[in-house]
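Okay, thanks everyone for squeezing this in. I'll put the structure up, and then we'll walk through it piece by piece.

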Amino acid sequence: MAFWYAACVPMNIKGVLDAAERAGAEVTPATSKARRDMGTFGLVAGNTFAIADTFAQDRPRLPAPHQVMSELWKTTVQKKVTSKRSLVYHAQVTLKATLLGFVIGTGLGILLAVGIVHSRVMDMSVMPWAIVSQTTPIIALAPMIIVVLYSIGVQGILPKAIISAYLSFFPVVVGMVKGLRSPDAMQLDLLKTYSANTNQGFWKLRLPSSMPYLFTSLKIGIAASLLGAIVGELPTGAVSGLGARLLAGSYYGQTVQIWSALFAAAILAGLLVALLELIEKAVLKRMGMVS
Amino acid sequence: MNTQTTTQAHAQQGATEAVVEAKNLDLVFPTNDGSVQALKDVNLTINKGDFVSFIGPSGCGKTTFLRVMAALEHPTGGSITVNGMSPDEARKQRAYGYVFQAAGLYPWRTIAKNIKLPLEIMGYSKAEQDKRVEQVLELVELTGFGGKYPWQLSGGMQQRASIARALAFDADILLMDEPFGALDEIVRDHLNEQLLKLWARTNKTIGFVTHSIPEAVYLSTKIVVMSPRPGRITDVIESTLPRERPLDIRDSQEFIDIAHRVREGLRAGHADD
């Protein structure tokens, strides 16, 4: 926090001095042209009177923490949730896409993992593609997905959800494959001595053993889902959602708005992960796996 | 019926009925650096009601032989029958229960639910499952612990629960692969005593892998001494100890003589490498 405040001074000093000059104040050096070639720290040293103003600009390069906080406060608590300027409104738009994407991604991930564990062919063929899918930059892929889906008549929340699912299925696949394979040879032999079939082995042994792994993946997955939904809002010209808010902020140089949207996204991700942690505790406790 | 007459009853049966018969059994594992002869020319007959211990250094094939009986490994030569059938068929007839070195209880199931696992898989009715759980819990002296989770039990109790699980579906043969290997000596003594009582009460045929000489001598009616590279039987000792065995029988001369013969057998197996 202190570092952040300290960073605001040199980051914003030029803008502050320009404004001060326009307002007729005495600044050293006197012209914007002369200042341009100077180091920021030198400017700060020569114009200590301006330091206070670096924390209170309208459009600072780097807004001070209290500016971000007050913007967050203004756009959440002080605005009606239905207002287009309310971050809560934008957050819930993104949240819907995130949750839908998360459900799709998790479902797909679990299905793929089950396939990989039970079929040699899938084991050898799916994993490389899953890895390739994650190394393709989503920021390049997202517009394509939206364009393609739009041309077949799919729009609204679904394209965003699909991008979000695209990011979240991978951790689930990796975690579930590991989880479903976690029973050791002895436990598999034990089932063999009962002449248990694959189905019974799955429901009675593999699936329950994979639960701790699943929850670890879900926590990574939901954060990825949120990211996907935000990225999905960027190229669509969406008018609502945290991504749209970020984009609008950058169009109009509203750094305070960008930072508050970023914080809103971070807080939302934190809440989602915390919620999953609660569910994890409850489920594992019910399963008797927490001592 | 008291235990004395029961044990005498199956002592008489034992003379007549062969449960496991292995003839010229060979098993070769292919590995990256050549094949390993895990079992070579193994001949053994186990009679009904026998308590057979397999003892030998690691790599002698004792566990492998147990696994062959359980159809978890398949021999590459010779023949083996369990209850007159192939091991695979015998398994489908639920001929044996298998107890591993680790209890391997499912941490997400209570003790009762763990014991129900094989019963669920084999399709027993709910009422039957509950009845059997009570019965076997009583057999291993864990009555009242059905609702507990495995982590709430000591290692010895967990292993007893895993024995209960193997007993739940009424298999005639109990195969135990170093079941007490991971437990301390005091717990082990106690469990050995309990196991003998359980054997006397249930009429089971038991195959028991161990590398403890006192454990093998104390428990068994027949001790199979094995040696490694290639895995083979070097001696089969029919125990002369009575079936009723208090713990202090281990100080008797007879016990010491048998233990001595086992030790000689183990040494003979090692002489040629």
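Let me start with a question: which residues are exposed on the other side of α5(B)? Before you answer, remember that what you're looking at is a predicted model. So, the exposed ones there are B:Ala127, B:Glu128, B:Lys131 and B:Glu138.

Now flip that helix over in your heads. The buried residues of α5(B) are B:Arg132, B:Val133, B:Val136 and B:Leu137. Those four cover an arc of only 130 degrees around the axis, which puts them on the same side of α5(B). And yes, there's an arginine in that buried set, namely B:Arg132.

What do they sit against? The buried residues of α5(B) pack against two other helices of chain B, α4 (111–122) and α6 (155–167). As for the helix itself, α5 of chain B runs over residues 126–139, and its 14 residues should span 20 Å at 1.5 Å a residue; the end C-alpha atoms are 20 Å apart, so that agrees. After α5(B) comes B:Glu141, and the thing to notice there is a positive phi, near 55 degrees.

Okay, zooming out to the whole of chain B. We've got nine helices and nine strands in this chain. Its radius of gyration is 18 Å, and the globule rule gives 19 Å for 273 residues, which is close, so chain B is as compact as a globular protein of that length. If you want box dimensions, the C-alpha trace of chain B spans about 55 × 45 × 35 Å along its principal axes. Buried residues make up 44% of the 273 in chain B. And if you take the contacts in chain B between residues at least 6 apart in sequence, 72% of them join residues at least 24 apart.

How is chain B divided up? The domain assignment gives domain 1 as 3–95 + 173–271, and domain 2 as 103–170. Their C-alpha centres lie 25 Å apart. Across the boundary, 10 residues of domain 1 of chain B are in contact with 11 residues of domain 2 of chain B. On the domain 1 side, the biggest giver is helix α7 of chain B, residues 185–202, with four residues. By class, that side of domain 1 comes out as eight nonpolar, one polar and one charged.

Right, over to chain A. Here we have 12 helices and zero strands, so to speak a one-letter topology: α-α-α-α-α-α-α-α-α-α-α-α along the sequence. The radius of gyration of chain A is 26 Å, well over the 19 Å that the globule rule gives for 291 residues, so chain A is more spread out than a compact globule. The C-alpha trace of chain A spans about 90 × 50 × 40 Å along its principal axes. Of the 291 residues in chain A, 35% count as buried. For contacts in chain A with a separation of 6 or more, residues 24 or more positions apart account for 76%.

The domains of chain A are domain 1, at 2–62, and domain 2, at 87–286. The centres of those two domains are separated by 44 Å, taken over C-alpha atoms.

One helix I'd like you to look at in chain A is α4, residues 65–76. It has 12 residues and reaches 16 Å from its first C-alpha to its last, close to the 16 Å expected at 1.5 Å a residue. Which residues of α4(A) are buried? They're A:Gln67, A:Val68, A:Glu71 and A:Thr75. Looking down the axis of α4(A), the buried residues fall within an arc of 95 degrees, so they line one face of the helix. The cover over those buried residues includes α5 (87–118) and α12 (255–286) of chain A.

Last stop, the place where the two chains meet. How many residues does each chain put into the contact? It's 16 from chain A and 18 from chain B. On the chain A side, α9 (185–193) and α10 (198–233) each supply at least two residues. α9(A) gives the most to that side, with six residues. By class, the chain A side has seven nonpolar, six polar and three charged residues.

That's my tour. Happy to go back to any view you'd like.

Conventions. Residues numbered from 1 in each chain as written. Chains lettered and ligands numbered in written order. Predicted model: local features only at pLDDT ≥ 70, side-chain atom pairs only at ≥ 80, totals over all residues. Domains from an automatic or database assignment. Contact = placed C-beta atoms within 7 Å. Nonpolar A, V, L, I, M, F, W, Y, C, P; charged D, E, K, R; others polar. Expected span 1.5 Å × (residues − 1). Buried ≥ 20, exposed ≤ 12 C-beta atoms within 10 Å, placed from the backbone. Arc of directions from axis to C-beta. Rg over C-alpha atoms; globule rule 2.2 N^0.38 Å.
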